[in-house]
Amino acid sequence: MQSTLRIETHNLHLAAELIAQGKTVAFPTETVYGLGADALNEQAVERIFLAKGRPSDNPLIVHIASLDQLDQVASTVSPLANILIQRFWPGPLTIVVPRKPNVPNLVTAGLDTVAVRMPEEPLARELIRLAGRPIVAPSANRSGRPSATTWESVLADLDGRIDAIVCGNPTRIGLESTVVDTTGSEPTILRHGAITQEMIVQVCGSVSSGNSELQLRSPGTRHRHYQPQAKVQIVDDLGRLEPTLQRCGMIGICDPSEMESREIQLRKDFPQATIRYCASLDDYASNLFEFFRHCDTLGVVRIYCQQVAPHGLGRAIMDRLERAAQ
Ligand code: TXA
Ligand code: MG
């Protein structure tokens, strides 16, 4: 493959034509950038795995723009799945449902289920609508690396390996969608995201807690994930670290009124550090992966990440931090 075509957002029809021709096209969603291809074209799907260097036992999410398209890939939609769809679609929620036989095996990694999501980002839905078919889209990064939340980061990983990219805005949420298995009597969260466990319990009454079988059901959880080149270390409080002259990265959260004084203090103790304080959990989530990538371009050797309470969006943040720190 030669160079990757940059497509402006007002030229979405061109991106849609390329998808229909079996090409790979990256595009923004509200969570992270996705690497899209025609979900029902096995050769196109194969090109995604090649571009990302993704293990073939890790299935993909099918992105849809209408409920008709859900019927094209799902054999049944349980009452539980319907509750989640009505409450959270379009949005950052992926549901796992029994698949139809026409879905290529490569998409589902041979499982008898398929993961489906209707994104909230209007540009993503318009692309799917114009392409006239469901689009599979894993996160648009080299396998194992942090997901990309800007088109520049997509190209840093995949320039020359994918056919085109829609150069949209940075993504709003910054962490991948929540993945929920809806094939049992209770929902099972396979990956935490911006649709939180608390929100799911509120509409479904309960969630079943994860167990080792969960690993089998969401093969993606077995693989290395979200890792920058720098070593990631989770800490209680950035302010309590031993001072060092080493080049390090530091990301944490604090009240906006204290941000300036905390930064001044840290700069004294860590003159070579790259510091990012976030004002909220939303801010932490949307900055995290881009911060990892930024630290890598600076050649930072260690990134200190402040832990957060594992509630609400904090669960998704801690999940990504723990995987990055492995
Ligand atoms: O926010 C997102 O979900 C982004 C954007 C582009 O939509 N996509 C994304 O895709 O994060 P990916 O491929 O990086 O992650 C898909 C996750 C993996 O953990 C995979 O194992 C899981 O979904 N998954 C896919 N199909 C599944 C299935 N049939 N059963 C269980 N887990 C599945
Ligand atoms: Mg991914």
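Start by selecting C248 and C295. In this predicted model, the sulfur of C248 has its closest cysteine sulfur in C295, 8.6 Å away, and that is too far for a bond. A disulfide is a covalent bond between the sulfur atoms of two cysteines. The cut-off used here is 2.5 Å between the sulfurs, and by that rule the count of disulfides comes to zero. Now add C278 to your selection: the nearest cysteine sulfur belongs to C254, 8.9 Å away, and C278 is in no disulfide. Are these cysteines buried or exposed? C248 counts as buried at 1% relative accessibility, and C278 is buried too, with a relative accessible area of 0%.

**Next stop: two domains**

Zoom out and colour residues 5-215 as domain 1 and 231-324 as domain 2. Their centres, taken over C-alpha atoms, are 28 Å apart. Where the domains touch, 21 residues come from domain 1 and 14 from domain 2.

**The sheet**

Switch to cartoon view and look for an open sheet of 10 strands. Trace it in this order: β1-β8-β2-β3-β7-β4-β6-β5-β9-β10. The pairing is mixed. Which strands stand at the edges? They are β1 (5-7) and β10 (188-191); each has a single partner strand, so one side of each is left without a neighbour in the sheet.

Select β5 (93-98). How many of its residues are buried? Five of the six are, so you can call this strand mostly covered. On one pairing, β5 meets β9 in the parallel sense over four bridges; click I95 and you'll find V180 of β9 opposite. β5 also pairs with β6 (residues 113-117), this time in the antiparallel sense over five bridges. There, V97 has V114 as its bridge partner.

Now step from β9 (residues 178-181) to β10: these two pair in the antiparallel sense over three bridges. Select V179 and look across to R191 in β10, which stands opposite.

**Helices against the sheet**

Select α1 (residues 12-20). This helix lies across β1, β2 (25-28), β3 (33-38), β7 (135-136) and β8 (164-166), and runs at about 135° to β1. Then pick α4 (residues 79-88), which lies across β5 and β9 at about 155° to β5.

Move on to α7 (residues 151-158), where the buried residues are S153, V154, L155, D157 and L158. What covers them? The cover includes β1, β2, β3, α2 (42-52), β8 and α11. Just after α7, click G160, which takes a positive phi of about 85°.

**Two backbone oddities**

Most residues other than glycine have a negative phi, and most peptide bonds are trans. With that in mind, go to the loop between α4 and β5 and find P90. The peptide bond from W89 to P90 is cis, with omega near -10°.

Next, select A109 in the loop between α5 (105-108) and β6. Its phi is near 55°, a positive value in a residue other than glycine. At 27% relative accessibility, A109 counts as partly exposed.

**A pair of rings**

Show side chains on α11 (residues 281-297) and highlight F289 and F292. The structure holds one aromatic pair, and you are looking at it: F289 and F292 are tilted, 6.5 Å centre to centre with 55° between the planes. Why can two residues of one helix point the same way? An α-helix has 3.6 residues a turn, so residues three or four places apart do just that. F289 and F292 are three residues apart, about one turn of the helix. Both of them are buried.

**Last stop: L238**

Finally, select L238 in the loop between β11 (231-235) and β12 (248-253). Is this loop residue buried or exposed? L238 is buried, with a relative accessible area of 1%. To see what is around it, show everything in contact with L238: leaving aside its neighbours within four places in sequence, you get M250, I251, G252, L266, Y277, Y304 and Q306.

Before you close the viewer, draw a distance line from the C-alpha atom of L238 to that of N105. The two residues are 133 apart along the chain, and the line should read 46 Å.

Definitions and conventions. Residues are numbered from 1 along each chain as its sequence is written. Chains are lettered from A and ligands numbered from 1 in the order in which they are written. This is a predicted model: local features need pLDDT of at least 70, side-chain atom pairs count only at pLDDT 80 or more; totals for chains, interfaces and linings use all residues. Side-chain values use heavy atoms; hydrogens and water are left out. Two strands pair if DSSP finds at least two bridges between them. Contact means heavy atoms within 4.5 Å. Axes are lines fitted to C-alpha atoms, for helices over the stretch in contact, and angles run from 0 to 180 degrees between N-to-C directions. Buried means under 20% relative accessible area, exposed over 50%, partly exposed in between (1.4 Å probe, protein chains only). Rings of Phe, Tyr and Trp (its six-membered ring) pair if their centres lie within 6.5 Å; planes under 30 degrees apart count as stacked, over 60 as edge-to-face and the rest as tilted. Domain bounds come from an automatic or database domain assignment.
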